[in-house]
Structure formats: structure tokens, C-alpha cells
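Please open the structure in the viewer and keep the selection tool at hand. This tour proceeds from the whole chain to single residues and then to pairs of helices.

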Amino acid sequence: MIEVESLRKTYGDFPAVVGSTFSVDRGEIFGVVGPNGAGKTTTLKMIAGLVDPTSGTATVAGFDASDPEMRHSLGFLPEESPLYEDMTARSYLDFFADLYDVPDAVATERIEDTLDRLELDHRDRRLGDVSKGMKRKVAIARSLVNDPDVLIYDEPASGLDPLTTNYVLDFVRELRDAGKTVIFSAHNLYHVESVCDRVAIMNRGEIVARGTVPEIRDEHGTTDYRVFTSVPLDDSKQEGDRYVVTVEDMDAVEEVRTRAADNGGEVVDIRTREPSLEDIFLDLATNADADPRGGS
Ligand SMILES: Nc1ncnc2c1ncn2[C@@H]1O[C@H](COP(=O)(O)OP(=O)(O)OP(=O)(O)O)[C@@H](O)[C@H]1O
């Protein structure tokens with residue numbers, strides 16, 4: 001549904017995105033994560049046809065990102081989505097439905113239905129007077145007025161309280177279950193891990209890992225072993241009446257066993273701990289090769 005091939009964007013001499021390649025299947029939620037300045041927004045805007053790539057291609061539902069026809073298949077939610085503060089949610093969404101040539105009767109039903117699903121109250125209150133969470137919901141509703149197959153959401157839950165964040169993430173899942181294809185960017189790796197079918201991790205303009213979370217874990221993660229001992233060791237932490245040392249391989253487990261015995265104790269339990277996406281991300285970001293863009 002989305003095909004991205006060697007996509008690259010250079011601002012002056014500065015390569016903001018250095019050759020991304022990935023595809024997103026129909027009915028999939030694909031997450032793009034990475035630290036500030038990694039190139040997430042630039043990538044999403046190139047797919048949405050809002051930024052021209054320096055080289056490479058992006059296609060959405062078979063249309064090149066630069067093809068005006070593509071906009072019928074696409075709903076884009078920008079990271080910052082200033083709304084017309086004097087309009088109400090209803091009039092604002094009617095206005096956008098008009099821009100997309102949605103027939104009035106269809107628009108009214110679609111807008112009411114979307115606002116119901118988003119549990120948006122105060123539909124006739126000035127947008128300038130509603131909460132940040134409500135504004136975000138209205139912006140999400142705007143992305144759906146043309147009933148697109150593909151949704152590109154830049155930081156959909158940015159700046160929202162935990163309750164509204166969960167609401168928005170659940171809504172993204174509902175969209176996927178209704179057959180939409182969703183690509184979204186986020187800083188919060190837990191959100192991405194809990195919602196996305198597949199993920200691309202970006203760092204300094206390039207994709208450094210890509211796949212399902214278990215695939216990324218297999219390729220880039222290391223399993224930790226938490227070794228519990230009956231006696232304290234130099235590097236152990238107390239947990240209840242036991243002590244724990246975290247190590248990365250079986251040789252190190254044996255070494256802890258020897259040290260415990262030398263101190264008159266023993267190993268009483270060993271547990272494995274799978275790395276979270278956040279652990280892997282921090283590892284990749286910390287151990288990244290020199291910045292391909294030549295700076296920080
Ligand atoms: N119009 C522009 N002109 C010059 N540089 C730009 C422009 N847009 C983005 N950049 C630079 O390109 C890099 C990538 O920016 P981008 O906004 O894509 O990152 P991001 O991963 O979305 O970051 P954030 O998480 O902070 O939103 C940054 O260093 C940014 O300063």
C-alpha cells in the first residue's frame with residue numbers, strides 16, 4: 001500500500017534523510033521511531049507528497065506521492081495541527097469535506113460517525129475554547145473526512161495526557177481493524193511496541209533497524225540474564241532477601257556462580273529478560289557509527 005524506495009532529502013548540504021527503503025502492507029500499522037531530528041517528519045511528509053524528495057520514490061495506493069490523485073487515498077495528521085479557532089468542530093470538518101468534494105449528505109453522516117467514535121463532545125463549541133486532547137481528536141477526524149485508505153500520522157499522541165493517549169492509540173488500532181493502512185511516528189517506544197505491526201527505527205537520517213518487534217529483538221537485541229544469589233557480590237543489587245546481578249551471556253552467569261561460591265553462597269535463581277524496543281533503540285543510538293550526515 002505504501003512503497004518507499006531509496007528516499008533521500010537534502011536541505012542544502014545537510015542530508016535530513018539518507019536513503020530510506022521500506023513498504024507498508026494494506027491493513028498494517030507501521031511505526032517510525034527515532035530521536036529528535038532523526039528524519040521521521042521529513043520521511044512522512046515525503047510520503048504524503050508535502051516535501052519533494054531529493055531522490056528516490058514514494059508511492060501510496062499505487063500513486064506517486066507527487067500525483068495530485070493520491071490525496072484521495074490519503075489522510076495526513078501533522079505533528080502540529082493548528083485549527084481555525086473560531087470554527088466549531090462540525091463547521092471545521094464540513095469545510096474540509098467540501099475541499100475534498102465529499103457530497104454533503106455523505107459528509108454529515110461520516111463526520112457525525114467519526115466524532116461519535118472519537119467520543120468528541122462539545123461539537124458546537126469554538127475550537128479555540130476546547131482542550132488540547134479535543135483539538136487532536138478534531139485533527140484526527142479531519143484526516144478521515146475523505147475516507148482515505150492510508151493514514152499518515154505524525155506524533156498522533158504528542159502532548160496528550162495518558163488517558164487521551166490511550167484513546168488515540170486504541171482508535172489507531174480500530175482504523176487498522178477497519179482495513180486502513182496506518183504509518184505513524186512517535187518518540188514513545190512503548191506506544192509503538194504496543195500498537196505497531198512493524199517498526200522502522202531511524203537515527204540521524206537513516207533506518208537502523210526494521211521489522212516486527214520480535215524480528216528487531218532477534219537481530220539487534222541481547223537477552224539479559226538476571227542471576228539471583230544468596231550472598232551480596234560487588235556488582236549485585238538487593239531484591240528482598242536475595243541479590244541480583246544482570247549479565248548478557250552464559251559465561252558471565254557461570255562467573256557469577258563462581259563468585260557466589262567464593263563468598264560462601266550460591267546462585268538461587270536465573271531469569272531471562274527480553275530487551276524492550278527502548279533498550280534496543282538506546283543501544284542502536286548509542287553505538288551508531290559516525291553520523292552519515294557528518295554532524296550531530
Ligand atoms: N525545511 C528544513 N530546512 C532545513 N533543515 C530541515 C528542514 N526540515 C527539517 N530539517 C532538518 O532535518 C533533520 C530531520 O528533521 P525531521 O523534522 O524530519 O526530524 P524528526 O525525526 O521528525 O524530529 P522530531 O522528533 O524532533 O520531530 C533535522 O536536523 C532538521 O533540523
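A residue is called buried if 20 or more other C-beta atoms lie within 10 Å of its own, exposed if 12 or fewer do, and partly exposed in between. By that rule, 35% of the 296 residues of the chain count as buried. Please keep in mind that the model shown is predicted.

**The whole chain**

Select the entire chain and display it as a cartoon. The chain contains nine helices and 14 strands. Its C-alpha trace spans about 80 × 45 × 30 Å along the principal axes. How are the contacts spread along the sequence? Of those between residues at least 6 apart in sequence, 67% join residues at least 24 apart.

**The annotated span**

Next, select residues 2-229. The unreviewed UniProt entry places the feature "domain: ABC transporter" on this span. Within residues 2-229, 33% is helix and 29% is strand, and the C-alpha atoms at the two ends lie 51 Å apart.

**Pro-35**

Now select Pro-35, which sits in the loop between β3 (29-33) and α1 (40-47). Is Pro-35 buried or partly exposed? Pro-35 has 14 C-beta neighbours inside 10 Å and therefore counts as partly exposed. Apart from neighbours within four places in sequence, Pro-35 is in contact with Asn-203 and Ala-285. Add Arg-136 to the selection: this residue is 101 residues from Pro-35 along the chain, and their C-alpha atoms are separated by 22 Å.

**Helices α2 and α3**

Turn to α2 and α3 and show both helices together. Their axes are 10 Å apart, and the packing angle is about 130 degrees. An angle between 115 and 145 degrees falls outside the ranges for roughly perpendicular and roughly antiparallel, so α2 and α3 are oblique to each other. The crossing of these two helices is right-handed. Which residues meet here? Display the side chains of Ala-89, Arg-90, Leu-93, Asp-94 and Ala-97 in α2, which meet Ala-107, Ile-111 and Leu-115 in α3. By class, this contact of α2 with α3 comprises six nonpolar and two charged residues, with no polar residue.

**Helices α2 and α4**

Keep α2 (residues 89-99) on display and add α4: the axes of the two helices come within 10 Å and cross at roughly 25 degrees. Angles under 35 degrees count as roughly parallel, and α2 is therefore roughly parallel to α4. Here, too, the view should show a right-handed crossing, as α2 passes α4. On the side of α2, the contact involves Ala-89, Tyr-92, Leu-93 and Phe-96; on the side of α4, Val-138, Ala-141 and Arg-142 take part. The residues of this contact of α2 with α4 divide into six nonpolar, no polar and one charged.

**Arg-125**

For the final stop, select Arg-125, found in the loop between α3 (104-117) and α4 (132-143). Arg-125 has 13 other C-beta atoms within 10 Å, and so this residue is partly exposed. Which residues does Arg-125 touch, once its neighbours within four places in sequence are left aside? Arg-125 is in contact with Thr-88 and Val-130. Finally, select Met-87 as well: Arg-125 and Met-87 are 38 residues apart along the chain, and 8.1 Å separates their C-alpha atoms.

Technical notes: Residues numbered from 1 in each chain as written. Predicted model: local features only at pLDDT ≥ 70, side-chain atom pairs only at ≥ 80, totals over all residues. Helix = DSSP H or I, 4+ residues; strand = E, 2+ residues; numbered from the N terminus. Contact = placed C-beta atoms within 7 Å. UniProt positions renumbered as here; feature names shortened; annotations may be inferred. Axes fitted to C-alpha atoms, helices over the stretch in contact; angles between N-to-C directions. Parallel < 35°, antiparallel > 145°, perpendicular 65-115°, else oblique. Left-handed = near helix turned anticlockwise from the far one by under 90°. Nonpolar A, V, L, I, M, F, W, Y, C, P; charged D, E, K, R; others polar.
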